[in-house]
Amino acid sequence: MRNFKFFYFLFFIFFYCSAHSENQNLVFHGAYTFETYPGQKACAVYVSIFNNTKKKFTINSLESDIAGKAEIHEVILKDDIVSMKRVEKLIISSKEQIYFQPGGNHIMLMNLKRELVEGSYFFINFKMDDGSTNKVKVMVLNKKLRENFIE
Ligand SMILES: [Cu+2]
């Protein structure tokens with residue numbers, strides 16, 4: 001009788017875990033950028049990406065209706081000079097958390113097609129190597145907030 005209960009317990013755990021992992025995907029949290037001034041052609045977008053799954057994800061490319069070009073950039077500090085380099089493919093390993101933040105790695109939108117107004121939002125599509133797309137909402141914040149984000 002006791003063994004039977006134990007078996008039932010294992011059975012429950014197995015189904016509980018598999019039901020949860022099946023629904024899991026990459027989670028994009030709190031994407032934002034700052035309002036632009038008239039004529040501004042590029043802006044940086046920040047977001048946190050959580051991979052709570054056992055799988056590895058690869059972001060192949062980005063696109064957005066509001067920009068001619070969207071890229072992932074990493075910030076490189078060499079000989080006291082800060083520069084940006086395009087990341088061709090971003091691999092997010094199992095259980096990895098990635099934080100794009102002001103002063104660090106970011107998403108760069110270039111050839112902006114319109115001014116970004118505080119309180120509005122737009123979308124960026126993250127195209128994955130498995131053919132799927134993650135559509136992420138980006139909030140436009142007041143540029144005065146920027147000062148609070150940088151050291
Ligand atoms: Cu950049």
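Start by colouring the chain by pLDDT, since this is a predicted model. The mean comes out at 87, and 82% of the residues reach 70 or more. Now select residues 19-23, where the pLDDT is below 50. Beyond near neighbours in sequence, that stretch has two contacts in the model. Where pLDDT is low, the predicted coordinates should not be read in detail, so pass over the fine geometry there and move on.

**The whole chain**

Switch to a cartoon view. You should find two helices and 10 strands. Walking from the N terminus, the order is α-β-β-β-β-β-β-β-β-β-β-α. Of the 151 residues, 17% count as buried. If you draw the contacts with a separation of 6 or more, 69% of them come from residues 24 or more positions apart.

**Strand β2 and its partners**

Select β2, residues 42-50. Which strands does it pair with? One is β1, antiparallel to β2 and joined to it by four bridges. To see one of these pairings, pick Phe28 and look across to Ile49, its bridge partner in β2.

Next, bring up β8, residues 106-112. It also runs antiparallel to β2, again with four bridges. Click on Ala44 and then on Met108, its bridge partner in β8.

The short strand β7, residues 97-99, pairs with β2 as well, in the antiparallel sense over three bridges. Here the pair to show is Ser48 with Tyr99 in β7.

**Strand β3 and its partners**

Now select β3, residues 57-63. Strand β6, residues 90-92, is joined to β3 by three bridges, and the two run antiparallel. Show Phe57 together with Ile92, its bridge partner in β6.

β3 and β9 are antiparallel too, with four bridges between them. On that side, Glu63 has Asn125 in β9 as its bridge partner.

**The nonpolar core**

Show side chains next. The largest nonpolar core has 22 residues, and Val45, Val47, Ile107, Ile124, Val136 and Val138 touch the most other members. Seven strands are worth highlighting around them: β1 (27-34), β2 (42-50), β3 (57-63), β4 (67-78), β8 (106-112), β9 (121-128) and β10 (133-141) each give two or more residues to this core. β2 gives the most, with five. As a general backdrop, in soluble globular proteins nonpolar side chains tend to be buried together.

Centre the view on Ile107. What is it in contact with, leaving aside neighbours within four places in sequence? The list is Ala44, Val45, Val47, Leu62, Ala70, Ile72, Phe100 and Ile124. Val45, Val47 and Ile124 are also among the residues that touch the most other core members.

**Ser64, in the loop after β3**

Select Ser64, in the loop between β3 and β4. Is it buried or exposed? Ser64 is partly exposed because it has 19 other C-beta atoms within 10 Å, while a buried residue needs 20 or more. Not counting residues within four places in sequence, its contacts are Ala70, Leu109, Phe122, Phe123, Ile124 and Asn125. Now draw a C-alpha to C-alpha distance from Ser64 to Lys135: the two are 71 residues apart in sequence but 9.5 Å apart in space.

**Asn111, in β8**

Go back to β8 and pick Asn111. It counts as exposed because it has 11 C-beta neighbours inside 10 Å, and the limit for exposed is 12 or fewer. Apart from residues up to four places away in sequence, Asn111 touches Lys41, Ala67, Gly68 and Lys69. For a distance to draw here, try Ile66: it lies 45 residues away along the chain, with 8.5 Å between the C-alpha atoms.

**Two loop residues with positive phi**

Finish with the backbone. Select Asp79, in the loop between β4 and β5 (81-87). It has a positive phi of about 50° although it is not a glycine. Asp79 is exposed, with 4 other C-beta atoms within 10 Å.

Then jump to Lys95, in the loop between β6 and β7. Its phi is positive as well, at about 70°, and again the residue is not a glycine. Lys95 counts as exposed, with 10 C-beta neighbours inside 10 Å.

Key: Residues are numbered from 1 along each chain as its sequence is written. This is a predicted model: local features need pLDDT of at least 70, side-chain atom pairs count only at pLDDT 80 or more; totals for chains, interfaces and linings use all residues. A nonpolar core is a set of buried Ala, Val, Leu, Ile, Met, Phe, Trp, Tyr and Cys residues joined through C-beta atoms within 7 Å. Two residues are in contact if their C-beta atoms, placed from the backbone, lie within 7 Å. Two strands pair if DSSP finds at least two bridges between them. pLDDT is the predictor's confidence in each residue, from 0 to 100.
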